[in-house]
Amino acid sequence: MSSSAQIVMGSLATGEEMFALVKELYPICRSITGNGVRQTLQRLQREIPLRIHEVPSGTPVFDWTVPKEWNIRDAYIKDSSGSRVVDFRNSNLHVVNYSIPVHSRMSLADLRPHLHALPDRPDWIPYRTSYYKEDWGFCLSHRQLSALPDGEYEVCIDSSLEPGSLTYGEFFIGGETEQEILVSCHICHPSLCNDNLSGIAAATALAQQVASRPRRYSYRFLFIPGTIGAITWLARNESIAPRIRHGVVLSGVGDRSPFAYKKSRRGDTEIDRAFVHLLRFSGREHRITDFSPYGYDERQFCSPGFNLAVGRLSRAPHGEFPEYHTSADNLDFVSAESLVSTVALCGEVFALLESNCAFQNLSPKCEPQLGKRGLYRAIGGSADAGHQEMAILWALNLSDGTNSLLDIAERSGLDFQSLHKAAQLLEEKGLLRRTDQTFHAPSDAGRLSQ
Amino acid sequence: MSSSAQIVMGSLATGEEMFALVKELYPICRSITGNGVRQTLQRLQREIPLRIHEVPSGTPVFDWTVPKEWNIRDAYIKDSSGSRVVDFRNSNLHVVNYSIPVHSRMSLADLRPHLHALPDRPDWIPYRTSYYKEDWGFCLSHRQLSALPDGEYEVCIDSSLEPGSLTYGEFFIGGETEQEILVSCHICHPSLCNDNLSGIAAATALAQQVASRPRRYSYRFLFIPGTIGAITWLARNESIAPRIRHGVVLSGVGDRSPFAYKKSRRGDTEIDRAFVHLLRFSGREHRITDFSPYGYDERQFCSPGFNLAVGRLSRAPHGEFPEYHTSADNLDFVSAESLVSTVALCGEVFALLESNCAFQNLSPKCEPQLGKRGLYRAIGGSADAGHQEMAILWALNLSDGTNSLLDIAERSGLDFQSLHKAAQLLEEKGLLRRTDQTFHAPSDAGRLSQ
Amino acid sequence: MSSSAQIVMGSLATGEEMFALVKELYPICRSITGNGVRQTLQRLQREIPLRIHEVPSGTPVFDWTVPKEWNIRDAYIKDSSGSRVVDFRNSNLHVVNYSIPVHSRMSLADLRPHLHALPDRPDWIPYRTSYYKEDWGFCLSHRQLSALPDGEYEVCIDSSLEPGSLTYGEFFIGGETEQEILVSCHICHPSLCNDNLSGIAAATALAQQVASRPRRYSYRFLFIPGTIGAITWLARNESIAPRIRHGVVLSGVGDRSPFAYKKSRRGDTEIDRAFVHLLRFSGREHRITDFSPYGYDERQFCSPGFNLAVGRLSRAPHGEFPEYHTSADNLDFVSAESLVSTVALCGEVFALLESNCAFQNLSPKCEPQLGKRGLYRAIGGSADAGHQEMAILWALNLSDGTNSLLDIAERSGLDFQSLHKAAQLLEEKGLLRRTDQTFHAPSDAGRLSQ
């Protein structure tokens, strides 16, 4: 087990603090490898004791190979007068991520195939990558592109694509058992706020919160490049995967859309049901979607060879909002409130998972006499049983060792919290006993894929 | 097995006779113990050969203890002029049920905490109990309460709360097998009509009907105080419980609301499905509700240590109608028609359970030739097969030994009665054979809780 | 295995050719036995190498007996002036099918019970039969019937009902395996177009199509008299029945109503799901109905002793359209377009069944790198993954050996064809391997009746 210090150095207790972190990380030019990622992770080390891993280029990871490391110093297109008409120093989105070095002069006609813009969104710069095909290019607003006169241009991308390493961060927080809750976010996007920085900020704050509280589960927070990072981590940690009992990928959690939870491939795991239950009881608008093999790193965690209980929490749906993968996914697009409520929801889910278990009713034949234990209204005959009393009755009635508190919540229509409180009360009074196997033998262990 | 005589003495064949019984029992001050219950059961003995059981105070029954016996002779509040402003002789609801004896003088201010009224229903007297907390009190209409001038009052409750016994009635009617259908009603409420008297009258009439007809099942009718009576019976009859194959609690079956059937905890037992099927085919408005651990004695029969196939038949929903537990639950609130249709529905359910079984098609390869057996229209080619012919075809097609007639009714959308008639016809013609195990190995025996 | 020649002689490639076949067969007076059936099958032998079977009258077939053979030469009712007021030569529907010979004079009053008409449809001649009750009768339009004056009539039915045989046609087309797809249609109706001729024409065209294409499955086409023909075939071929993996009864497939697919008794067999899937993706209006034991020969194939995976394809619902079993089911009632689209749909279903199988993802841990295999868009970051790419991702994600392509289509919401194409591509690239057991161990083998 990791020896990660359990001491949390920073504090991201408020939405403003999370937002400030997003703002600080915004200018860095991240990619799936390189110094932008290192710089980002080093900043996070001031918040949480992140362990930074370096995996050499060329390392085989399942069907893939860790790519060469990419770094960039500068990039521009100069017009004939020598002035920068496209300038990496203005926005790191201007260069196609993973562009190979180039420095030459060429006509607009020859340059044109290397230029990417969005005619529908004339003021936005698109975000493009070319990780696995050695190429180069620039992204610019359609307005900029349209204004370029014919003529010769100087094109320069001062980048390097060389053997190096892939960098990722990991924070393991030990709990009472080896069984883990996994939280994963991607760290591979340059100046995009909702897409990567929101998840980074929320995961960091959540890690601080988790580390400061008692817990049964161990927790593992991954800050990894999308796709290749998840694949690399899984390839290096195959033996850990079976310990991951629940997991969630955080991505796009900072914008102002309602929550969207995407279920794991299995579709009915405890974490799926926990998110569904808490979102329904939140009274807030939200969307629940079934698993599909398109999206973020849930694709890897839910690949058939792993099939982990990993869902995804987002807000604006992946790829369906216009700001997605453009310069409009900027600081205005995310809010402190959204970040803080994301952390709050995940905290509630973890609290549910921590306290979900099955109980055995120790007085299962008829109802036990609640009155003599102070669990029942004193004067009988009134027309309505209170909410807490209903929770007590449901907890007693369904606690035959086969139903978890979440099962009881789902069947009764009551909120988990009330049932948990009722079960605690009944446990104190000696009427319920926690069944040991609940935690160690996951209720969904027997559920095979699909 | 009980040696209860199978001879029925009385006859409650009509709604008017049932209503007359309700009327006769109405004035009696019943409670969970005491002479009111005895008097009620003795009256029922003129209708059915009820066996009356007495269980001594102090007897442990699971988590409970049989309480002291309560009896009351008189109770009043006299004003300073000596006139009874609240008088038990006018309504036995005026005294909080199970009030300990009291005789003293006190100011209105001191008396006030002992007075219960319903501000929203100024003319109704509420019904209140204090079974398990030794206390006393009066119930009165809000109008009465508001009219009480300040001053001194004489308060008298001439009751006794002493070791005695809990009384209940039981009528067992043997059938071909030891497997039982249980009918239970509560007998512990004073002058409340729908709440307790309707169930008592309907159960009594139903017992007469059952006793007069041939039957496979044995039947057991319980007339018991709510909660403590069911607990006491179950504690004394644990060995009988496994024989209870189907059961229904009758409560609140005399008012004019549509039928409401509440499913057993298991939710899909044969009696649940029988009630659902017959109510749907009745064409009458009705409600089907899922089990919840709040209500009447289904709470005890469906506690996890028993988990019996016991549902509940009611009309106005438990606790949700304004007259509930007030003086407005009086003779006007119940009707002869409602009582008689309750008995009719239960009779249909029992008839279904009696005749539900699985058959084996003895000519399972292709359809047998119905025509040569007179089971098919003579002239072919007409556009529509008749209803009875469809029942014959369904019964043949699904009688592979795994489907009961009720299963076939549910899948075909036909009514049970037609399928039963078809199966009988096919049995006569040698095309179906009853599968023996159906009755003795309940189809839902393998279904575990939840 | 049959040695039926695999050579197809005729060609019914177009709707017009099918319609022409219907037209040619229309005047023949078919019945469940007799020369009309033989003449029909002989005509079909010019299209496909049909084997004609003759089963002697009196042969026991399960609960039934092959009936006497019926043939008819002429039939009429002559009025007192000697002119034919009802004439078999005008329509073979005029005589009740299977009428015994009669030649006598009688009053209208005595004749009346033998006359059948449709008061609601005064111009139509009804179709009536009396196969299993020796009787005779005439069918005529209500207008004709109303116009008959009182008086004496000469009644003549020049038929014979004598020991002979029941005739049916069978065309077996061997495939790679012994497992079969069954196509059955009825051939027992006289001049009725949608009811019997549409199925005959579609089945013949489909047989030609199947015989001309490569196939895994063997196919068996049955041209049989309704009910008794199916029973006779099943009785003589009990050992073949277990090889029938999928089947469809074609009946009433020539009219202009939307397709109606009726599921097999099992309800979720592969052919049921194939029809449902393809009809849904067709974008065409259609109806899916659950199995019921009323209809055409699916009744026999789905009898509990066989319980085969045989559904039924129709258009206008059986027995629910006014033209059913009347002279209005004529050449105007069917269309070439309907016939051709029926054959097309069945062809698509068979293609789906031929190519449906389960695959094993050979790179199941994380996604394989599609880009290096040319399976992925080159420039990343664009907002939307294409349809074919989604099919590739779904095929990879769910190919864990337990899901067939149809399972994946159902879960993903994608069309089978795209998934099949994706799977083929992935198989070529070495990323998927067909699991051998899929075809030989049917995915629904374990599903019991009901």
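Is B:Lys262 buried or exposed? In this predicted model, B:Lys262 is buried, with a relative accessible area of 5%. The legends below begin with this lysine and then move on to other views.

**View 1. B:Lys262 sits in strand β14 of chain B.** The strand covers residues 259-262. Because its relative accessible area is 5%, under the 20% cut-off, B:Lys262 counts as buried. Follow the side chain of B:Lys262 and you will reach the backbone oxygen of B:Ser292, at 2.8 Å. Setting aside neighbours within four places in sequence, the contacts of B:Lys262 include B:Thr289, B:Asp290, B:Phe291 and B:Ser292. Also among them are B:Tyr294, B:Gly295, B:Glu298, B:Gly311 and B:Arg312.

**View 2. Helix α12 of chain B packs against helices and strands of chain B.** Here you can trace 13 residues, 416-428, over 18 Å from the first C-alpha to the last, close to the 18 Å expected at 1.5 Å a residue. The buried residues of the helix are B:Phe416, B:Ser418, B:Leu419, B:His420, B:Ala422, B:Ala423 and B:Leu426. Their packing partners in chain B are the helices α7 (270-282), α9 (336-355), α10 (387-398) and α11 (405-412), together with the strands β17 (358-361) and β19 (432-434). After α12(B) comes B:Gly430, with a positive phi near 80°.

**View 3. C:Gln300 belongs to helix α8 of chain C.** This helix spans residues 298-301. Why is C:Gln300 counted as buried? Its relative accessibility is 0%, so C:Gln300 falls under the 20% cut-off. Beyond neighbours within four places in sequence, C:Gln300 is in contact with B:Cys366 and B:Glu367 of chain B. In chain C, the contacts of C:Gln300 are C:Thr227, C:Ala230, C:Ile231, C:Leu234 and C:Phe306.

**View 4. Chain A meets chain B through 30 residues from chain A and 30 residues from chain B.** Between them, chain A and chain B bury about 2700 Å², with 50% of it on carbon and sulfur atoms. There are five salt bridges between these chains. To find one of the salt bridges, look for B:Glu238 and A:Lys365, whose closest N and O atoms are 2.5 Å apart. The count of residue pairs in polar contact is 14. On the side of chain A that touches chain B, α10 (387-398) and β18 (400-404) each supply at least two residues. Helix α10(A) gives the most, with six residues. By class, this side of chain A has 13 nonpolar, nine polar and eight charged residues.

**View 5. Chain A also touches chain C, with 30 residues of chain A in contact with 29 of chain C.** The area buried between chain A and chain C is about 2700 Å², and carbon and sulfur atoms give 50% of it. Five salt bridges are found across this interface. A good place to start is the salt bridge of C:Asp400 with A:Arg265, where the closest N and O atoms are 3.2 Å apart. Across the interface of chain A and chain C, 14 residue pairs are in polar contact. The elements giving two or more residues to the side of chain A that touches chain C are α6 (228-236) and α8 (298-301) of chain A. That side divides into 13 nonpolar, 10 polar and seven charged residues.

Note on methods:
Residues are numbered from 1 along each chain as its sequence is written. Chains are lettered from A and ligands numbered from 1 in the order in which they are written. This is a predicted model: local features need pLDDT of at least 70, side-chain atom pairs count only at pLDDT 80 or more; totals for chains, interfaces and linings use all residues. Side-chain values use heavy atoms; hydrogens and water are left out. Helices (H or I, at least four residues) and strands (E, at least two) are DSSP runs, numbered from the N terminus. The expected span of a helix is 1.5 Å times one less than its number of residues. Buried means under 20% relative accessible area, exposed over 50%, partly exposed in between (1.4 Å probe, protein chains only). Contact means heavy atoms within 4.5 Å. Buried area is the accessible area (1.4 Å probe) that two parts lose on being put together, summed over both. A salt bridge is a side-chain nitrogen of Lys or Arg within 4 Å of a carboxyl oxygen of Asp or Glu. A polar contact is a pair of N or O atoms within 3.5 Å; within protein, one must be able to donate a hydrogen and the other to accept it, and residues adjacent in sequence count only if both atoms are side-chain atoms. Ala, Val, Leu, Ile, Met, Phe, Trp, Tyr, Cys and Pro count as nonpolar, Asp, Glu, Lys and Arg as charged, and the others, Gly among them, as polar.
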